[in-house]
Amino acid sequence: MRSVTAENIKAIIKRKCYAQGAIGKKAGYNDKVFSNMLNGRRLITDIDVIKIANALEVEPNELYGISSGKSLPRN
């Protein structure tokens, strides 16, 4: 099952016109492991999120789909 995080990672890779393999390598993963993460065959852990966010040069929250600079609505 694909995760929202994996879908967000793929969208950021596409938006920034990066190669998936290059980001995987920059984050410290081989092509197969990174592909498995993005296709739901391997769990993306919190440590993975930090490594991938650094490779993509984004905040980790962006991988979770949380926009920076926006506060949560108050009741």
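Let's start with a charged pair: in this predicted model, the side chains of arginine 42 and aspartate 48 meet in a salt bridge, at 3.3 Å from N to O. The two partners sit in quite unlike surroundings. Arginine 42 is partly exposed, with a relative accessible area of 34%, while aspartate 48 is buried at 5%, because buried here means under 20%. Side chains of opposite charge can pair when their charged atoms come close.

**Other salt bridges**

The count of salt bridges comes to five. Here are three of them, with their N to O distances.

| Acidic partner | Basic partner | N to O distance |
|---|---|---|
| Aspartate 48 | Arginine 42 | 3.3 Å |
| Aspartate 31 | Lysine 25 | 3.1 Å |
| Glutamate 57 | Lysine 26 | 3.4 Å |

In the pair of aspartate 31 and lysine 25, the aspartate is partly exposed at 44% relative accessibility, and lysine 25 is exposed at 55%. For the bridge between glutamate 57 and lysine 26, the positions along the chain are worth a look: glutamate 57 lies in the loop between H4 and H5 and lysine 26 in helix H2, so the pair ties together parts that are 31 residues apart in sequence. Both ends of that bridge are out at the surface by the numbers, with glutamate 57 exposed at 57% relative accessibility and lysine 26 exposed at 52%. Glutamate 57 also has a backbone detail of its own: just after H4, this residue takes a positive phi of about 60°.

**Helix H4 and its two sides**

Aspartate 48 brings us to helix H4, which covers residues 46-56 and has Asp48, Val49, Ile52, Ala53, Ala55 and Leu56 as its buried residues. Looking down the axis of H4, these fall within an arc of 160°, so they line one face of the helix. The general rule behind such a pattern is that an α-helix has 3.6 residues a turn, so residues three or four places apart point the same way. On the other side of H4, Asp46 and Asn54 are exposed. What do the buried residues of H4 pack against? Their partners are helices H1 (4-15), H2 (20-27), H3 (31-38) and H5 (60-64).

**The nonpolar core**

The largest nonpolar core holds 18 residues, and Ile9, Ile13, Phe34, Ile52, Leu56 and Leu63 have the most contacts inside it. Two or more residues come from each of H1, H2, H3 and H4, with H4 giving the largest share, five residues. In soluble globular proteins, nonpolar side chains tend to be buried together.

Two H4 residues show how this works out. Setting aside neighbours within four places in sequence, isoleucine 52 touches Ile9, Ala27, Tyr29, Phe34, Met37 and Leu63. Leucine 56, also in helix H4, is buried with a relative accessible area of 0%. With the same neighbours left out, leucine 56 is in contact with Ile9, Ile12, Ile13, Lys16, Tyr18, Ile23 and Leu63. The C-alpha atoms of leucine 56 and isoleucine 13 are separated by 7.4 Å, although the two residues are 43 apart along the chain.

**Where H1 meets H3**

The axes of H1 and H3 come within 8 Å and cross at roughly 115°. H1 brings Ala6, Ile9, Lys10 and Ile13 to the contact, and H3 brings Phe34, Met37 and Leu38. By type, the residues of this contact are six nonpolar, no polar and one charged.

How values were computed
Residues numbered from 1 in each chain as written. Predicted model: local features only at pLDDT ≥ 70, side-chain atom pairs only at ≥ 80, totals over all residues. Heavy atoms only, no water. Buried < 20%, exposed > 50% of the residue type's maximum accessible area, 1.4 Å probe, protein only. Helix = DSSP H or I, 4+ residues; strand = E, 2+ residues; numbered from the N terminus. Arc of directions from axis to C-beta. Contact = heavy atoms within 4.5 Å. Core = buried A, V, L, I, M, F, W, Y, C linked by side-chain atoms within 4.5 Å. Axes fitted to C-alpha atoms, helices over the stretch in contact; angles between N-to-C directions. Nonpolar A, V, L, I, M, F, W, Y, C, P; charged D, E, K, R; others polar. Salt bridge = Lys/Arg side-chain N within 4 Å of Asp/Glu carboxyl O.
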